[in-house]
Amino acid sequence: MGRDHRSRGPAGLAGFRQDVIAGLSLPQKALPPKHFYDAAGSRLFERICRLPEYYPTRAELALTRAHIGAIARFAGKGSILLEYGSGESLKTRLLLRALRPSVYMPVDISEDALRLAVAKLRRAFPGLRIAPVVGDFTRPLEMPALGGRDRLVYFPGSTIGNLTPQEAQAFLRMTRGQVGPRGAMLVGVDLKKDANLLHAAYNDSRGVTAAFNLNLLSRINRELGGDFDLRRFAHYAFYNAPLGRIEMHLVSLSRQTVNVGDHRFGFGAGESIHTENSYKYSVEEFQALAAESGFRGDKVWTDRRGLFSLHGLIAD
C-alpha cells in the first residue's frame with residue numbers, strides 16, 4: 001500500500017467500470033489498486049496508517065522530521081513544488097514550511113479530494129500560491145506554465161511500489177520529462193526487510209487491511225451494480241520473495257458466479273483477484289532503476305531502523 005491515486009467523479013466511474021470488467025476477464029483476475037480509495041476505503045487506509053504493525057507511515061514521517069534540514073538543502077528554496085497526490089499530510093506540511101516554494105502544485109485524479117486538500121492547505125499557509133492539477137499522474141499531464149524556475153517533484157508514501165519495476169521506470173522517465181534539465185525528485189521507497197515484518201504489516205491483527213481489501217468488492221457492488229457476497233471472499237497477502245513484492249489478493253472461498261452489471265464472472269474455489277503489488281527495494285536497486293530512467297541518485301535518507309527510504313534524485 002502507498003499513497004493513493006483515487007478515482008471518483010463521472011470520468012473516474014467510467015474508468016472504474018472499464019478496469020473492473022477488463023480485470024475480471026483476465027486469466028488471473030486483477031484490479032488496479034488505485035480503485036481502493038472511495039470514501040470508505042480512504043477512511044480504512046487512514047486507520048491502517050495508525051496500526052502498530054504498519055510501519056511505513058511512521059518510518060517515513062520520522063525520517064522526514066529527522067532530516068528536514070538536509071532535505072531542504074537538497075531541494076532548494078523557492079522552487080516549484082509538484083506533489084503527486086492531494087498532499088495534505090504531515091510530511092507535506094513539513095516540506096512546505098522548510099522549502100517555502102514559489103508555487104505548490106498538488107496533482108490528484110479526484111477533483112473532490114483535491115479541492116478539500118487545497119482548502120485546508122490555504123488555511124494553514126495563507127501566503128502560499130497553490131495551483132492544483134486534476135489528473136492521473138501515472139499518465140502524461142498538461143501542466144500550467146509557471147515560468148522558468150526549477151521544479152521539484154515530491155512522491156512520498158511508497159506508492160511507487162504499487163508499480164512493477166518496468167512501470168516504475170516508465171513513470172520515472174515521464175517525470176524526468178516534466179521536471180526539466182535542472183529539476184529534481186524526492187521519492188519515498190519501502191526497503192527490503194525481514195519477511196515477518198512485511199507479513200505483519202499487511203495482515204494486521206485487527207483485520208483493518210482485510211476490510212480495506214474487501215471494501216473494493218463493496219465499491220463494485222455499490223457503484224457498478226455488482227452482487228459480490230463478501231462473506232465468500234477472504235483477504236490474502238504474502239511476500240513473494242523472488243519478485244521482492246507483497247501481493248494482496250481476494251480469494252474465492254467456494255465455486256461461485258458473480259454479476260457486475262450485465263457481465264457475469266465465474267470463480268473456482270481458491271481462485272483469486274490480485275488487487276495490489278507493493279514492491280520493496282534495496283537502496284542500490286532503486287538507484288539503479290532511477291539511473292535507467294534519467295535520474296542520478298544524489299541523496300538518500302533512511303529512518304533509524306532502516307525500514308524506509310527517501311531518495312533525492314537529480315535529472316541527469
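## Report on a predicted protein chain

Arg-100 counts as exposed, because its relative accessibility is 63% and the threshold for exposed is over 50%. The structure described here is a predicted model. Arg-100 lies in the loop between helix α5 and strand β2, the latter covering residues 103-108. Although Arg-100 is not a glycine, its phi is positive, at about 45°. The position of Arg-100 is just after α5.

Helix α5 itself spans residues 90-99 and is mostly covered, with seven of its ten residues buried. These buried residues are Lys-91, Thr-92, Arg-93, Leu-95, Leu-96, Ala-98 and Leu-99. The exposed Arg-100 therefore follows a helix that is mostly covered.

A positive phi is also found at Ser-158, again a residue that is not a glycine, with a value of about 65°. Ser-158 sits in the loop between β4 (151-155) and α7 (165-179). Is Ser-158 buried or exposed? With a relative accessibility of 1%, Ser-158 counts as buried, because buried means under 20%.

The table sets out three loop residues.

| Residue | Loop | Relative accessibility | State |
|---|---|---|---|
| Arg-100 | between α5 and β2 | 63% | exposed |
| Ser-158 | between β4 and α7 | 1% | buried |
| Gly-226 | between α9 and β6 | 15% | buried |

Gly-226 belongs to the loop that joins α9 (208-224) and β6 (233-240). Its relative accessible area is 15%, so Gly-226 counts as buried. Which residues does Gly-226 touch, not counting those up to four places away in sequence? They are Ile-220, Asn-221, Asn-259 and Val-260. Gly-226 and Val-258 are 32 residues apart along the chain, and their C-alpha atoms are separated by 7.3 Å.

Val-260 has contacts of its own with several parts of the chain. Leaving aside neighbours within four places in sequence, Val-260 is in contact with Val-20, Ile-21, Leu-24, Ile-220, Leu-224, Gly-225, Gly-226, Phe-228 and Phe-265. Val-260 is also a member of the largest nonpolar core, which holds 63 residues. Within that core, Leu-186, Ile-220, Phe-228, Val-260 and Ile-273 touch the most other members. Helix α9 gives this core its largest share, seven residues. A second, separate core has 31 residues, including Leu-141, Phe-155, Phe-286 and Ala-290.

The remaining values concern the protein chain as a whole. Its secondary structure consists of ten helices and twelve strands. How does the radius of gyration fit the length of the chain? For 316 residues, a compact globule would have a radius of gyration near 20 Å, and the chain has 20 Å, which agrees. Taken along the principal axes, the C-alpha atoms fill a box of roughly 60 × 40 × 35 Å.

Of the 316 residues, 57% count as buried. Among contacts with a separation of 6 or more, 71% are between residues 24 or more positions apart. The accessible surface of the chain is about 13,600 Å², and carbon and sulfur atoms account for 52% of that surface. As for charge, the chain carries 43 positive and 31 negative side chains. The centres of the two sets lie 6 Å apart.

Terms used:
Residues numbered from 1 in each chain as written. Predicted model: local features only at pLDDT ≥ 70, side-chain atom pairs only at ≥ 80, totals over all residues. Heavy atoms only, no water. Helix = DSSP H or I, 4+ residues; strand = E, 2+ residues; numbered from the N terminus. Rg over C-alpha atoms; globule rule 2.2 N^0.38 Å. Buried < 20%, exposed > 50% of the residue type's maximum accessible area, 1.4 Å probe, protein only. Contact = heavy atoms within 4.5 Å. Areas by Shrake-Rupley, 256 points an atom, 1.4 Å probe, with all protein chains shown as cover. Lys, Arg positive; Asp, Glu negative; His and termini not counted. Charge placed at Lys NZ, Arg CZ, Asp CG, Glu CD. Core = buried A, V, L, I, M, F, W, Y, C linked by side-chain atoms within 4.5 Å.
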